[in-house]
Amino acid sequence: MHETDMTKALIITIKQWWESQPSCPRISAIHLMIGKFTCVEPGSLQFTFQVQTRNTFLDGVKLVIKEIPLIAFCHPCQLEYLPEIGQQYSCPRCYHPMEDIRSGRELKIERIEYSLEE
């Protein structure tokens, strides 16, 4: 389950940012962009995040996941298409193998919602 390792990396990244702030911000939500081609299961990531942040500075923080579709482009026939993960990765028109992935590999923090504690 790579969601466990991804959650650990996410927590480390957020903690480094949090500790670098002049005052400890109260984080309310973390917004992630996750491409379909990363094969990350959003439900598993949500659960893992909830378990690993229990009794930490991130306890109760909402994890908001925006899924980005897998979009490929076929250069021979100039078609942009949505491959079916695990089913078909070639162009549906000319069957040329998928070479140019336009989106779907994203895995990043889009933004952090927070307020400054007084």
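In this predicted model, H2 turns up in helix α1, which covers residues 2-20. With a relative accessible area of 37%, H2 counts as partly exposed, because that value falls between the 20% and 50% cut-offs. A stretch from further along the chain comes up beside this residue: leaving out neighbours within four places in sequence, H2 is in contact with T38, C39 and V40. E41 also belongs in this picture, since 39 residues separate H2 and E41 along the chain, yet their C-alpha atoms are 9.5 Å apart. As for the records, an unreviewed UniProt entry has a "binding site" annotation that covers H2.

One of the contacts of H2, C39, has a quirk of its own. Its phi is positive, at about 60 degrees, even though C39 is not a glycine. C39 sits in the loop between β1 and α2. Q78 shows a positive phi of about 60 degrees as well, and it isn't a glycine either. The loop in this case is the one between β3 (71-74) and β4 (79-81). Q78 has a relative accessible area of 54%, which makes it exposed, because the cut-off for that is over 50%.

Right before Q78 in the numbering comes C77, also in the loop between β3 and β4. C77 is part of a group: for "binding site", the unreviewed UniProt entry lists C74, C77, C91 and C94. These four are spread over 21 residues of sequence but cluster in space, with a largest C-alpha distance of 8.7 Å. How buried or exposed is C77? Its relative accessible area is 19%, so it counts as buried, the limit being under 20%. Not counting residues up to four places away in sequence, C77 touches C91, R93 and C94. C94, for its part, lies in the loop between β4 and β5 (100-103) and is partly exposed, at 33% relative accessible area. With the sequence neighbours up to four places away again set aside, C94 touches C74, P76 and C77.

Then there is the inside of the model. The largest nonpolar core has 16 residues, and those with the most contacts inside it are I27, I30, L32, L45, F49, L58 and L63. At least two residues each come from α1, β1 (25-35), α2 (42-52) and β2 (62-68). Which element gives the largest share of this core? That would be α1, with five residues. F49 gives a feel for how things meet here: beyond residues up to four places away in sequence, it touches T7, L10, I30, L58, V61 and L63. Apart from this core lies another one, of nine residues, and C74 is among them, along with Y81, M98 and I101. C74 therefore appears both in that second core and in the UniProt "binding site" list, where annotations may be inferred rather than shown by experiment.

Finally, the empty space. About 170 Å³ of it lies in the largest pocket. The lining is made up of M6, A9, L10, T13, L32, M33, I34, L45, L107, K108 and I109. By type, nine of these residues are nonpolar, one is polar and one is charged. Elements that supply at least two lining residues each are α1, β1 and β6 (107-116), and α1 gives the most, with four. L32 and L45 are named in the lining of this pocket and also among the residues with the most contacts inside the largest core.

How values were computed: Predicted model: local features only at pLDDT ≥ 70, side-chain atom pairs only at ≥ 80, totals over all residues. Heavy atoms only, no water. Buried < 20%, exposed > 50% of the residue type's maximum accessible area, 1.4 Å probe, protein only. Contact = heavy atoms within 4.5 Å. 1 Å grid on protein atoms, 1.4 Å probe; cavity = no way out; pocket = protein on both sides within 12 Å on 5 of 7 lines; lining within 4 Å. Points joined across faces, edges and corners; volume = space filled by probe spheres on them. Nonpolar A, V, L, I, M, F, W, Y, C, P; charged D, E, K, R; others polar. Core = buried A, V, L, I, M, F, W, Y, C linked by side-chain atoms within 4.5 Å.
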